[in-house]
Amino acid sequence: MIALRRHALAAALFCSPLLLSPALSPALAADTAAPAQYQGPLFKRATLLVADIDRSLAIYRDILGFQGGEVRQSLPTSYSYEVFNLDPEASLRTAMLSAGPSQVRTLALFEIKGQPITTPQSPRPVAMVINAVNLPLVMEKIKAKGLTIIAPRPLSTPEGRTGTETAFIDPDGHLIVLYELTGP
């Protein structure tokens with residue numbers, strides 16, 4: 001009986017919150033520590049300059065499925081004038097689009113009136129890559145808009161997933177690469 005009590009006492013002490021405290025047991029603390037927070041860069045959004053925001057919303061929101069898109073007039077003091085090298089007399093309207101609740105305001109459309117927008121076409125300097133939902137239907141709608149389409153081809157990711165990738169040029173000359181994974 002005494003031996004049983006000693007074992008129970010030893011077990012109680014071994015499992016004591018004092019002994020489990022990270023301050024008193026550094027080896028245990030190392031095993032239970034939460035992973036370190038990511039300290040690197042965070043991608044916030046891509047911004048596209050467009051000539052007609054309603055036409056662009058019909059693609060990015062209505063066909064590709066981005067959410068939001070309330071159009072707002074920018075103030076003449078907006079930092080965007082300086083950043084994008086815009087004529088101070090140009091009018092600027094914006095719409096922010098989200099790709100679901102975890103990717104809020106990841107795409108901005110900036111409509112410029114009063115200054116032409118030029119987008120280099122060869123070589124194309126920038127592409128947005130977007131995971132499309134129901135790629136064949138999306139591309140059917142893109143084709144119906146009369147946009148330039150780059151032929152689809154099979155896709156194989158470094159992780160071994162398979163699918164299809166294709167691309168189109170939006171009305172303002174931006175290259176948009178779409179893909180959909182269908183295989184394991």
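The following dialogue introduces a predicted model through its confidence, a hairpin and two residues.

Biologist: What is the mean pLDDT of the protein chain, and where does pLDDT stay under 50?

Modeller: Where pLDDT is low, the predicted coordinates should not be read in detail. Here the chain has a mean pLDDT of 86, and 83% of its residues reach 70 or more. Over residues 1–25, however, the value stays under 50, and the model has 8 contacts beyond four places in sequence for that stretch.

Biologist: In which sense do strand β6 and strand β7 pair, and over how many bridges?

Modeller: Strand β6 (residues 148–156) and strand β7 (residues 162–169) are antiparallel and share 7 bridges. One of the bridge pairs joins leucine 155 to glycine 163 in β7. The two strands form a hairpin with 5 residues between them, and in the turn glycine 160 has a positive phi of about 95°.

Biologist: Is leucine 178 buried or exposed?

Modeller: Burial is judged by relative accessible area, with under 20% counting as buried. Leucine 178 has a value of 0%, so this residue is buried. Leucine 178 belongs to strand β8 (residues 175–181), and its contacts beyond four places in sequence include Leu64, Ile130, Val138 and Phe168. Another of these contacts is Thr166; the C-alpha atoms of leucine 178 and threonine 166 are 5.4 Å apart, although 12 residues separate them along the chain.

Biologist: Which backbone atom does the side chain of serine 98 reach?

Modeller: That side chain reaches the backbone nitrogen of arginine 105, at 2.9 Å. Serine 98 is in strand β3 (residues 91–98) and counts as buried because its relative accessibility is 13%. Beyond four places in sequence, serine 98 also touches residues including Phe66, Gln67 and Thr106.

Conventions
Residues numbered from 1 in each chain as written. Predicted model: local features only at pLDDT ≥ 70, side-chain atom pairs only at ≥ 80, totals over all residues. Heavy atoms only, no water. Helix = DSSP H or I, 4+ residues; strand = E, 2+ residues; numbered from the N terminus. Buried < 20%, exposed > 50% of the residue type's maximum accessible area, 1.4 Å probe, protein only. Polar contact = N/O pair within 3.5 Å; in protein donor to acceptor, adjacent residues only side chain to side chain. Contact = heavy atoms within 4.5 Å. pLDDT = per-residue confidence, 0-100. Pairing = 2+ DSSP bridges.
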